[in-house]
Every structure is written in structure tokens, then in C-alpha cells.
Amino acid sequence: MDDRNVDDFQTQVSELLLRHRSVLDVMSKIQETAARINRSLTKAITECGCVEVVARKQSYDPGKSLQENKSLLDTHFTGPLCEHCRDVLTAELGKNLFYLTALCNITDIRLEDVIRQESERLNTLGVFNLS
């Protein structure tokens, strides 16, 4: 998505958000949509069964480099989402993005700036970005 598309999306959200314009409403909707993302993925695992989670302790060898260890780490997520579960999860992610963008609008922050700054931070910190 280029800068113009991000700005267009942010403008579209601003025009469409009518009912939940309060910052309190938007913050609670972000939490609600995050929970719905978790729930839709959980249902893909427990009800549909199109994907699995097989979790165990991550293997990490302190004697190896970070790049060498990367191949040892696992997502614990197995299988492709079926079309239905993919559609549901995509819709829930979209709703979350909508409300995240609405929060950017309320606080007068450009979503494109958030993406750019985070990308710059990731480029600077590399693998140490979450430590």
C-alpha cells in the first residue's frame, strides 16, 4: 500500500465513522475487534480444524548466531486457513484496522507516519526491536 492509498483509507474512515466518534468508543472498539480476531482464529482451530496449534518450548541455542537460531524458532501454527476462516479473519482484521485508523484521526496522527516511523525503527533496531 503506497502513501496515497494509506491517506485515502484514513480519509475514508474519517468520513464513515459516525456513531462511535468518541475516543472512548474508539478505544473500546479496538479492544473488541482485537478480541474478535482472537476468537475467529480460535474457532478456525477448535471448531473448523483447518489449522492447528502445536506448541512446545522454543529451541534456542545460545552458541549460534541470531540468524542461525531463526530457523529453529517455530510459529506453532500449522496448515492453511480454509476459505471461510480466511474470510472471517480478514474481515475482523479489517475492522481492527478501521478503528485503529479512527484513533489516528481523533489524535491527528497520520497512519502513514505511524507505518513509516515503525518501519524506520525496525530498520534501525533489526532483530532487537522487541527486546
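A disulfide is a pair of cysteine sulfur atoms within 2.5 Å. I keep that cut-off at the top of the page for the cysteine entry below.

**Entry: what I am looking at**

I note that this is a predicted model. The protein chain averages a pLDDT of 92, and 94% of the residues score at least 70. I looked up where confidence in the chain is lowest and found α3, at a mean of 83. It is highest in α4, at 98.

**Entry: cysteines**

How many disulfides does a search of the whole structure find? I get zero. Cys 50 is in no disulfide, and the nearest cysteine sulfur to it belongs to Cys 85, 3.7 Å away. Next I went to Cys 85, where the closest cysteine sulfur is that of Cys 82, at 3.5 Å. That is too far for a bond, because the pair would have to be within 2.5 Å. I also checked the cover on these residues. Cys 50 counts as buried at 19% relative accessibility, and Cys 85 is buried too, with a relative accessible area of 8%.

**Entry: positive phi values**

Most residues other than glycine have a negative phi, so I wrote down two that go the other way.

His 76 has a phi near 70 degrees, a positive value in a residue other than glycine. I find His 76 in the loop between α3 (66-70) and β2 (77-78). Is His 76 buried or exposed? I have it as buried, with a relative accessible area of 15%.

Asp 108 is my other case, with a positive phi near 60 degrees, and again the residue is not glycine. Asp 108 sits in the loop between α4 (83-106) and α5 (111-125). Its relative accessible area is 73%, so I log Asp 108 as exposed.

**Entry: Tyr 60**

Where is Tyr 60? I place it in the loop between β1 (52-53) and α3. With a relative accessible area of 48%, Tyr 60 goes down as partly exposed; the exposed class begins over 50%. What does Tyr 60 contact once I leave aside its neighbours within four places in sequence? I find Leu 66 and Asn 69. I also looked up Leu 73, which is 13 residues from Tyr 60 along the chain. The C-alpha atoms of Tyr 60 and Leu 73 are separated by 7.3 Å.

**Entry: Asp 7**

Asp 7 belongs to helix α1, residues 3-16. I expected nothing in particular here and simply looked up the cover: Asp 7 is buried, with a relative accessible area of 14%. Which residues does Asp 7 touch, not counting those up to four places away in sequence? My list reads Arg 110 and Glu 112.

**Entry: a nonpolar patch**

On the surface I looked up a nonpolar patch of about 340 Å². Val 23, Leu 24, Met 27 and Ile 106 make this patch. Which helix gives the most to the nonpolar patch? I have helix α2 (residues 23-48), with three residues. Ile 106 is in helix α4. At 36% relative accessibility, I count Ile 106 as partly exposed.

**Entry: quick recap**

I want three things to hand when I reopen the model. There are zero disulfides in the whole structure. Of my two positive-phi residues, His 76 is buried, whereas Asp 108 is exposed. Helix α2 gives three residues to the nonpolar patch, and Ile 106 is also part of it.

Terms used: Residues numbered from 1 in each chain as written. Predicted model: local features only at pLDDT ≥ 70, side-chain atom pairs only at ≥ 80, totals over all residues. Heavy atoms only, no water. Helix = DSSP H or I, 4+ residues; strand = E, 2+ residues; numbered from the N terminus. Buried < 20%, exposed > 50% of the residue type's maximum accessible area, 1.4 Å probe, protein only. Contact = heavy atoms within 4.5 Å. Patch = residues over 30% accessible without salt bridge, like charges linked within 9 Å, V, L, I, M, F, W, Y side chains within 5 Å. Areas by Shrake-Rupley, 256 points an atom, 1.4 Å probe, with all protein chains shown as cover. Salt bridge = Lys/Arg side-chain N within 4 Å of Asp/Glu carboxyl O. pLDDT = per-residue confidence, 0-100.
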